Amino acid sequence: MATQSTVILGTGSFAPERVLTNADLSKLIDTSDEWIRTRSGIRERHIAGDHESTSDMAVRAAKAALDDAGLTPADIDLLIVATITPDLVLPAAACLVQDKLGVSTHAACFDMNAACSGFIYGLDTACAMISSGRYRKALVIGAEKLSPIVDWKERTTCVLFGDGAGAVVVGASDEPNIGLIGTKLGAYGDSAELLWIPKGGSDSPATTESIAAGEHFMKMKGKEVFKLAVRAMDEAARDILEQHGLSADQIDLVIPHQANLRIIEAIAKYLELPMDRFFVNVDRYGNTSAASIPLALDEAKKSGRIKPGDISLLVAFGAGLTYGSALIRW
Ligand code: COA
């Protein structure tokens, strides 16, 4: 029996008003615009205010995606928030978003923690649940307030990250071979400590000592993450292209996780594609983890970079280390 296609009906995004430029950062820590730009391609990032939570940003992006789709919160029966920075450990950010947005109490609501690959994991999950026929319309949101988990004294990591949110509405379509046509997900759990928060979980709850040592902040081995990121994203892209009998040249637009311009350039080189086939906004947002791909997708769509019939490739990696790729025919 042919399964139904699942399509993206609308996209939306939100970034907090406050912009922190490289010049601003160079007043806080020993760094420079030149160092940050040449190592990462980042010029500025958005930082959420004290009273602007992950769920607040998620709601703003979700409302924009619903408007774009011509739908209302009442149409949604599945709500997934991909995030590593939920407002609280308990309950899930998705439940807070449900309440703030006015989504039905009959909707399934849960968070997805696959770090920067979280949006692709969430999209795949939502599409599988919709093609099962048991759900009709899903909101898949990537939202992150990374600024509180970044150590602003640690110059190698703090310059890379920012806050924001992106969302899509997904539904079924009778048209065959359209929408999400394939995904490839995976993880290298043996590399968990390359990018992690060492303390504050159930295995080692935060103590006065761990907080004084800054072990509740994100820690990263930058060079190792860089190498594994390039390998994982290249493999995830190649695997999915091969599975679907496509060559890289048939991809109209690649929307990669926006972690670092040099990582994106390396993927372009490996796939032998020119950089104009890649959507890049890392210069304006930095790395917004699970928010990065839906935010880029929304900007790509609204700026006319995606047209009906186009094939887009989404590809990501993140803490875990997780990776994922997705092919979308519009
Ligand atoms: N400003 C100025 N100098 C800095 C700096 C900063 N913000 N951060 C680090 N440095 C210094 C280092 O101390 C080091 O000095 P030293 O040579 O005297 O020891 C020097 O710059 C070079 O550091 P290095 O670590 O070799 O730089 P790099 O070329 O590997 O770039 C990263 C560092 C973090 C930008 C890069 O490794 C990277 O992007 N990794 C991937 C990170 C990522 O994408 N994470 C998200 C995963 S989802």
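Good morning. In this structure, the side chains of D30 and R155 form a salt bridge with an N to O distance of 3.4 Å. By salt bridge I mean a side-chain nitrogen of Lys or Arg within 4 Å of a carboxyl oxygen of Asp or Glu. This pair links distant parts of the chain, 125 residues apart: D30 is in the loop between helix 1 (22–28) and helix 2 (33–40), and R155 is in helix 6 (residues 155–158). Helices (H or I, at least four residues) and strands (E, at least two) are DSSP runs, numbered from the N terminus.

A word on the source. This is a predicted model, in which local features need pLDDT of at least 70 and side-chain atom pairs count only at pLDDT 80 or more, while totals for chains, interfaces and linings use all residues. Residues are numbered from 1 along each chain as its sequence is written, and side-chain values use heavy atoms, with hydrogens and water left out.

Let me return to the opening pair. Are D30 and R155 buried or exposed? D30 is exposed, with a relative accessible area of 59%, and R155 counts as partly exposed at 46%. Buried means under 20% relative accessible area, exposed over 50%, and partly exposed in between, with a 1.4 Å probe and protein chains only.

The structure holds 12 salt bridges, and I shall mention two others. The side chains of E299 and R284 meet at 2.8 Å, N to O. E299 lies in helix 11 (residues 292–302) and R284 in helix 10 (residues 282–285), so this bridge ties together parts that are 15 residues apart in sequence. Here E299 is buried, with a relative accessible area of 17%, whereas R284 is partly exposed at 32%. Helix 11 also contains the salt bridge between K302 and D298, again 2.8 Å from N to O. Those two residues are four apart in the helix, about one turn. D298 counts as buried, at 6% relative accessibility.

I now turn to the ligand. How many residues surround the ligand? There are 22, and the closest are T31, R155, G222, K223 and N260. A residue is counted here if one of its heavy atoms lies within 4 Å of the ligand. R155, which we met in the salt bridge with D30, has a backbone N or O atom 3.0 Å from a nitrogen atom of the ligand. An N or O atom in the side chain of K223 is 2.6 Å from an oxygen atom of the ligand. The ligand has 980 Å² of accessible area on its own, and the protein covers 75% of that. Such areas come from the Shrake-Rupley method with a 1.4 Å probe; for residues, only the protein chains shown count as cover. Two or more residues of the shell come from each of helix 2, helix 6, helix 8, helix 9 and strand 12. Helix 8 gives the largest share, four residues.

Next, helix 9, which spans residues 261–271. Which of its residues are buried? They are I263, I264, A266, I267, A268 and L271. Their cover includes helix 8 (222–243), strand 11 (253–256) and strand 12 (311–318). At the start of helix 9, a side-chain oxygen of N260 reaches to within 2.7 Å of the backbone nitrogen of R262. Just after the helix, E272 takes a positive phi of about 55°.

N260 brings us to S40, a residue of helix 2. S40 touches L160, N260, L261 and V282, not counting residues up to four places away in sequence; contact means heavy atoms within 4.5 Å. S40 counts as buried, at 1% relative accessibility. A polar atom of the S40 side chain lies 2.6 Å from the backbone oxygen of I36.

Finally, the structure holds one aromatic pair. Y188 and Y323 form this tilted pair, 5.6 Å centre to centre with 40° between the planes. Rings of Phe, Tyr and Trp (its six-membered ring) pair if their centres lie within 6.5 Å; planes under 30 degrees apart count as stacked, over 60 as edge-to-face and the rest as tilted. Why does the pair tie together parts that are 135 residues apart in sequence? Because Y188 lies in the loop between strand 8 (179–187) and strand 9 (195–196), and Y323 in strand 13 (residues 322–329). Y188 is buried at 18% relative accessibility, and Y323 is buried at 13%.

Thank you for your attention.

Technical notes. A polar contact is a pair of N or O atoms within 3.5 Å; within protein, one must be able to donate a hydrogen and the other to accept it, and residues adjacent in sequence count only if both atoms are side-chain atoms.
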